[in-house]
Amino acid sequence: MTVGPGRARGSLERERRQAYWLVAPAVLVLAAVALYPILAAVWLSLHRFILVFGERRFVGLGNYAYLLGDARFWSALGNTAYFTVVAVGVELLLAVPLALLLQRAFPGRGLLRAAVLVPWAIPTVVSARLWAWMFNPDYGLINRLLLGSDINWLGAPGYALHAAILVDVWKTTPFVALLVLAGLQGIPEDLYKAARVDGASPWRTFRSITLPLLKPALLLAVLFRSLDAFRVFDAIYVLTEGGPANTTETLSIYAYKTLMRSGDFGYGSTLSVATFLCVVVLAAVWLRLLGRQEEAR
Amino acid sequence: MRQRAGLGTALAVVAFLTFFLGPFFWQVLTSLWPDGELTRSWPSHLTLESYVSVLWGRPFLRVVLNSLVVAALTTVFCLVIGSAAAFALAKLEFRGKGLLLSAALAVSMFPPIATVSPLYLILRAVGLRDSLVGLALPYATFAMPLTLWVLTSFFRQLPDELYRAARVDGCTPFQAFRRVLLPLAAPGLATTAILVFIFAWNEFLFALTFLTTPEKRTVPVAISLFASEYREPWGEIAAASVVATLPLVVLTVLFQRRIVSGLTAGAVKE
């Protein structure tokens with residue numbers, strides 16, 4: 001190749017220009033439909049803004065002051081946190097054995113692998129509906145199986161939030177298991193051979209080799225899942241709409257009701273921004289933990 | 001000892017299969033259960049009544065069509081915009097690469113509710129609020145991070161020499177992308193298309209918020225509103241759910257390898 005330095009530089013320049021053109025649409029879409037709305041929501045949250053009355057005036061941090069004293073907000077935050085912690089915890093406890101199972105060779109593994117994807121592919125609304133029917137106090141499958149039980153799963157405070165957690169666990173455990181499985185496949189086979197030679201028990205092998213090496217994958221799964229669980233909306237909206245007595249009302253549900261049912265775009269935006277800030281804090285904490293994990297390696 | 005391990009595996013497999021598939025089969029059974037007999041412990045016979053009344057007694061086919069339109073629009077939009085950007089991210093040198101990938105990751109973590117109020121006002125202002133096209137726009141945005149991550153990792157796997165050879169042969173970077181690399185990335189495009197389609201087919205919050213005309217409802221919205229309109233028609237809900245789910249289940253089972261690789265590519269690589 002006899003390309004002069006000048007021409008090479010021109011070509012690089014051209015490459016860079018074309019690169020900007022190629023990414024421009026994606027950048028534009030992300031900026032216009034995701035970043036701008038977040039900023040706009042912050043701006044709206046500083047207003048008293050009732051859509052139907054066309055009332056809109058600047059109130060500064062007034063909505064935030066109200067938020068801090070709003071018992072319903074704190075209860076929604078508590079419900080959301082409880083939902084996230086319990087759901088993600090149970091999902092991990094189920095996903096690790098499921099992933100270990102999927103890693104082994106046995107007849108029917110392909111079937112199991114395909115089967116676990118079924119709940120993941122079903123729309124959340126459909127799965128919530130399906131479970132609502134199973135939770136039906138009179139004719140639902142669950143009370144049929146628990147002979148003589150007449151527990152009103154979705155109507156009784158204390159039960160309803162756990163019913164919603166079960167729906168989430170059913171739907172998302174497969175995804176967690178797949179992430180864990182990908183982590184498992186990255187563990188060198190030699191380590192297991194060495195452990196076998198040393199006569200380590202399966203439990204010991206799991207604790208000393210699998211679990212520590214799986215930690216980054218587990219942390220990543222927890223990061224994705226907890227951010228996702230924290231914004232839970234679909235399942236709870238369909239199962240209970242936040243009832244009974246607001247015991248299943250999460251931040252997204254409360255914000256949605258304030259925005260769309262009361263038409264209060266000011267305070268509704270405040271609740272949305274509060275949800276966003278919680279997610280940011282959660283993400284920052286997890287990313288920090290993940291970063292430390294990377295450094296340790 | 002060996003025997004016991006085999007038995008343990010078998011029990012675990014059965015337990016997981018029951019948990020994950022049981023509810024789905026119960027739904028299918030409910031959809032075939034005669035309407036008046038749901039109070040009984042077992043149906044006297046199976047019938048397609050519920051399917052007939054869902055498909056012909058309600059505007060449900062219309063709803064399915066709406067969902068198909070929105071999901072297809074979203075998928076095309078994501079693939080066109082996302083593949084160009086992913087190619088540039090994987091093969092070209094420019095400033096702000098890391099920033100763009102991190103921004104995409106950040107957007108994937110946004111709670112959608114945080115964007116609902118401004119998006120509602122924006123779409124209303126431009127007259128796209130109660131429209132399927134207006135819905136596809138936020139869908140494509142929220143599916144864009146996934147698209148970028150999966151496609152970028154696919155383009156990275158293609159050898160750099162291919163790109164350089166195309167350039168030496170006189171292609172511009174864009175021509176190299178269009179004529180050489182894009183056709184080779186077809187499996188990646190297919191994987192992304194499936195994931196984006198499923199995402200758009202399943203989305204609920206935006207569809208519930210932005211669409212007000214009943215004829216424009218998508219499948220999740222229609223199914224969520226089934227009960228509130230009449231008495232609880234469990235058989236019909238089950239039938240509608242099966243109709244709305246079966247294509248996805250078939251798609252998932254057929255393409256499970258692709259889906260798994262796509263889901264974990266975005267998450268585990270990098």
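User: Before we start, what does "in contact" mean for two residues here?
Analyst: Two residues are in contact if their C-beta atoms, placed from the backbone, lie within 7 Å. Keep in mind that this is a predicted model.

User: Got it. So what is Val180(A) in contact with, leaving aside its neighbours within four places in sequence?
Analyst: Val180(A) is in contact with Ala95(A), Val96(A), Ala99(A), Leu214(A), Ala217(A), Leu218(A) and Ala221(A). Val180(A) also belongs to the largest nonpolar core, where it is one of the residues with the most contacts.

User: How many residues does that core have, and who else has the most contacts inside it?
Analyst: The core has 167 residues, and the others on that list are Ala164(A), Ala177(A), Leu239(A) and Ala85(B). Helix 7 of chain A, residues 160-185, gives the most to this core, with 16 residues.

User: Leu214(A) and Ala217(A) came up a moment ago. Are they buried or exposed?
Analyst: Both are buried, and they sit in helix 9 of chain A. Other buried residues of that helix include Thr210(A), Phe224(A) and Arg225(A).

User: What span would you get for helix 9 of chain A if it were straight?
Analyst: A straight helix of 29 residues would span 42 Å, but helix 9 (residues 202-230) spans only 35 Å between its end C-alpha atoms. There is a kink of about 50 degrees at Lys215(A), shortly before Pro216(A).

User: And helix 4 of chain B, how far does that one reach?
Analyst: Helix 4 of chain B (residues 97-109) reaches 19 Å from its first C-alpha to its last, close to the 18 Å expected for its 13 residues. Ala104(B), Val107(B) and Met109(B) in that helix are buried.

User: Staying in chain B, why does Ala90(B) count as buried?
Analyst: Ala90(B) counts as buried because it has 20 C-beta neighbours inside 10 Å, and 20 or more is what the label takes. This residue is in helix 3 of chain B, residues 60-91.

User: Which residues does Ala90(B) touch, not counting those up to four places away in sequence?
Analyst: Ala90(B) touches Thr152(B), Phe155(B) and Arg156(B). Its C-alpha is also 9.4 Å from that of Asp160(B), 70 residues apart along the chain.

User: How many residues does each chain put into the contact between A and B?
Analyst: Chain B puts in 76 residues and chain A 73. On chain B's side, helix 1 (residues 2-32) has the largest share, with 12 residues. The chain B side divides into 57 nonpolar, 18 polar and one charged.

User: New topic: strands. How do strands 1 and 2 of chain A pair?
Analyst: They pair in the antiparallel sense over four bridges, and Arg48(A) has Arg57(A) as its bridge partner. The two strands form a hairpin with four residues between them, and Gly54(A) in the turn has a positive phi of about 65 degrees.

User: Which way do the side chains of strand 1 point?
Analyst: They alternate: His47(A) and Phe49(A) point to one face and are buried, while Arg48(A) and Ile50(A) point to the other and are not.

User: Last one: what's unusual in the loop between helix 10 and helix 11 of chain A?
Analyst: Most residues other than glycine have a negative phi, and most peptide bonds are trans. In this loop, Glu241(A) has a positive phi of about 55 degrees, and phi of Ala245(A) is near 55 degrees. Pro244(A) is in the loop too, and a cis peptide bond joins Gly243(A) to it, with omega about -10 degrees.

User: Why is Ala245(A) called exposed?
Analyst: Because Ala245(A) has 10 other C-beta atoms within 10 Å, and exposed means 12 or fewer. Glu241(A) has 16 such neighbours, so it counts as partly exposed.

Methods
Residues are numbered from 1 along each chain as its sequence is written. Chains are lettered from A and ligands numbered from 1 in the order in which they are written. This is a predicted model: local features need pLDDT of at least 70, side-chain atom pairs count only at pLDDT 80 or more; totals for chains, interfaces and linings use all residues. Ala, Val, Leu, Ile, Met, Phe, Trp, Tyr, Cys and Pro count as nonpolar, Asp, Glu, Lys and Arg as charged, and the others, Gly among them, as polar. Two strands pair if DSSP finds at least two bridges between them. The expected span of a helix is 1.5 Å times one less than its number of residues. A nonpolar core is a set of buried Ala, Val, Leu, Ile, Met, Phe, Trp, Tyr and Cys residues joined through C-beta atoms within 7 Å. The bend at a residue is the angle between axes fitted to the seven residues ending there and the seven starting there.
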